[in-house]
Amino acid sequence: MEPIFDQADHVRLEDMRSPALSIEAVEADVVLGVALMKPLVLICSQDAELCLYYSHILGVDGFRIELARSVEEALALASEREPQAVVLDCQPASSTGSTICAQLKAEFRNRGLLVIALIAPGAENQHLDLLKAGIDESFVRPFGPAMLLDCLRTKLALPKPGSNGIENGSSLRCGRLEMNVDARRVRGNGHDIHLGPIQFKLLRHLLETPGMVFSRFELKNAAWGEKIHVGERTVDVHISRIRKELERTSAGSVIRTIRSDGYSLEEADVEPEADGEYASVRCHSLEWPDG
């Protein structure tokens, strides 16, 4: 797919990739010292006006945006930035929508990547190819932007717009590790922890029942679902990344490996013993303090 943007479109899109943040926007992202993990959406289209339009709509609603203008760029950005969702623009004279969808689903099947197609008028015959490629949702233009926003919020399990996710939000804690589930916010010892969607789901599952040993199979089902095939090594890699974040922030909790059984999350309130195991620990859930 060759990019068809003119120079003016390119300048506008480059400006939009790194938008200036107002003081209000920065303050809105920091509540009780916890960083808001804005979901990242990748928009893949050759239509500059469409990119600008939906980037504005999604940006106002609290999403971060990345733009791709070719199959290669979409795959590279999906690998580098780990978006939660990809929005594909499917033009009538092009079959690249189903091609990109199939490649994204094959390349990132372990990540549970959400892929949505925007089908142009006259391209309704692409529905079948998109379904075969594994598309999660599709909309025929024109349609109300609220439909796309509602789809993203529902399928990504995001809080309702206008809610900061803290009031009345369910939260979990283990040691100095804190997670606000509704707002998708995590911090360790007062430091922000940024996790990909799979790592967030794994950590949440461990935090919901601290001290319990979960098998790799149970963790796989919690993070990827029962229909996705993931090897044990993939689970181990994601657990390793979470461990590095806990160590980096001195979160006061550890993920302990139970040989041949799986993993458990525990509070590290004592020094490890000679064999590397930790003594009994204390973990609990809590309600996030109001406002």
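# Notebook: strands and helices in a predicted model

**Entry 1, the pair β3 and β4.** I began with β3 and β4, which pair in the parallel sense over five bridges. Looking for one matched position in this pair, I found that L42 stands opposite E66 in β4. I noted at this point that I am reading a predicted model, and I keep that in mind for every entry below.

I then asked how many residues of β4 are buried. Four of the five are, so I wrote down that β4 is largely enclosed by the rest of the structure.

**Entry 2, the sheet around them.** Next I looked up the sheet to which these strands belong, and I found an open sheet of five strands in the order β4-β3-β5-β6-β7, with parallel pairing. The edges are held by β4 (64–68) and β7 (137–140), and because each has a single partner strand, one side of each is left without a neighbour in the sheet. Going from one strand to the next, I recorded a twist that averages 20°.

On the other side of β3 in this order I checked β5: strand β3 (residues 40–44) and strand β5 (residues 85–90) are joined in the parallel sense over four bridges. Here C44 is the residue that stands opposite L88 in β5. I also looked for a helix on this sheet and found α3 (residues 48–60), which packs on it and touches β3, β4, β5 and β6 (114–119), while its direction makes about 165° with that of β3.

**Entry 3, helices α4 and α5.** Before turning to pairs of helices, I reminded myself that two packed helices are described by the angle between their axes and the distance between the axes. For helix α4 (residues 71–81) and helix α5 (residues 96–107), the axes come within 10 Å and cross at roughly 25°. Angles under 35 degrees count as roughly parallel, and α4 and α5 are therefore roughly parallel to each other. I noted as well that α4 passes α5 in a right-handed crossing.

Which residues meet between these two helices? From α4 I listed V71, A74, L75 and A78, and from α5 I listed I100, Q103 and L104. Sorted by class, this contact has six nonpolar residues, one polar residue and no charged residues.

**Entry 4, helices α8 and α9.** I made the same kind of entry for helix α8 (residues 197–208) and helix α9 (residues 216–224), whose axes come within 8 Å and cross at roughly 125°. These two helices are therefore oblique to each other, and their crossing is right-handed.

At this contact I, K and other residue types appear together: I198, K201, L202, H205 and L206 in α8 meet E218, L219, A222, A223 and W224 in α9. By class I recorded seven nonpolar, one polar and two charged residues.

**Entry 5, the hairpin of β12 and β13.** I moved on to strand β12 (residues 253–258), which is joined to β13 by six bridges, the two strands running antiparallel. One matched position is V254, whose bridge partner in β13 is E266. Three residues lie between the strands of this hairpin, and there S260 takes a positive phi near 70°.

Is strand β13 (residues 262–267) largely enclosed or largely open? Six of its six residues are buried, so I entered β13 as largely enclosed by the rest of the structure. In a regular strand the side chains alternate between the two faces of the sheet. I therefore looked at both faces of β13 and found them covered, with G262, S264 and E266 buried on one side and Y263, L265 and E267 buried on the other.

**Entry 6, two single residues.** In β12 I picked out S253, which counts as buried at 5% relative accessibility. Leaving aside neighbours within four places in sequence, I found S253 in contact with C174, L177, L246, L265, E266, E267 and A268.

For a second residue I chose V237, which has its place in helix α10 (residues 232–248). V237 has a relative accessible area of 26% and is partly exposed. I also looked up its separation from Q199, 38 residues apart along the chain, and the C-alpha atoms of the two are separated by 9.9 Å.

**Entry 7, the whole protein.** To finish, I noted that the secondary structure comes to ten helices and 14 strands, and that 45% of the 291 residues count as buried. Among contacts between residues at least 6 apart in sequence, 61% join residues at least 24 apart.

Technical notes:
Residues numbered from 1 in each chain as written. Predicted model: local features only at pLDDT ≥ 70, side-chain atom pairs only at ≥ 80, totals over all residues. Heavy atoms only, no water. Axes fitted to C-alpha atoms, helices over the stretch in contact; angles between N-to-C directions. Parallel < 35°, antiparallel > 145°, perpendicular 65-115°, else oblique. Left-handed = near helix turned anticlockwise from the far one by under 90°. Contact = heavy atoms within 4.5 Å. Nonpolar A, V, L, I, M, F, W, Y, C, P; charged D, E, K, R; others polar. Buried < 20%, exposed > 50% of the residue type's maximum accessible area, 1.4 Å probe, protein only. Pairing = 2+ DSSP bridges.
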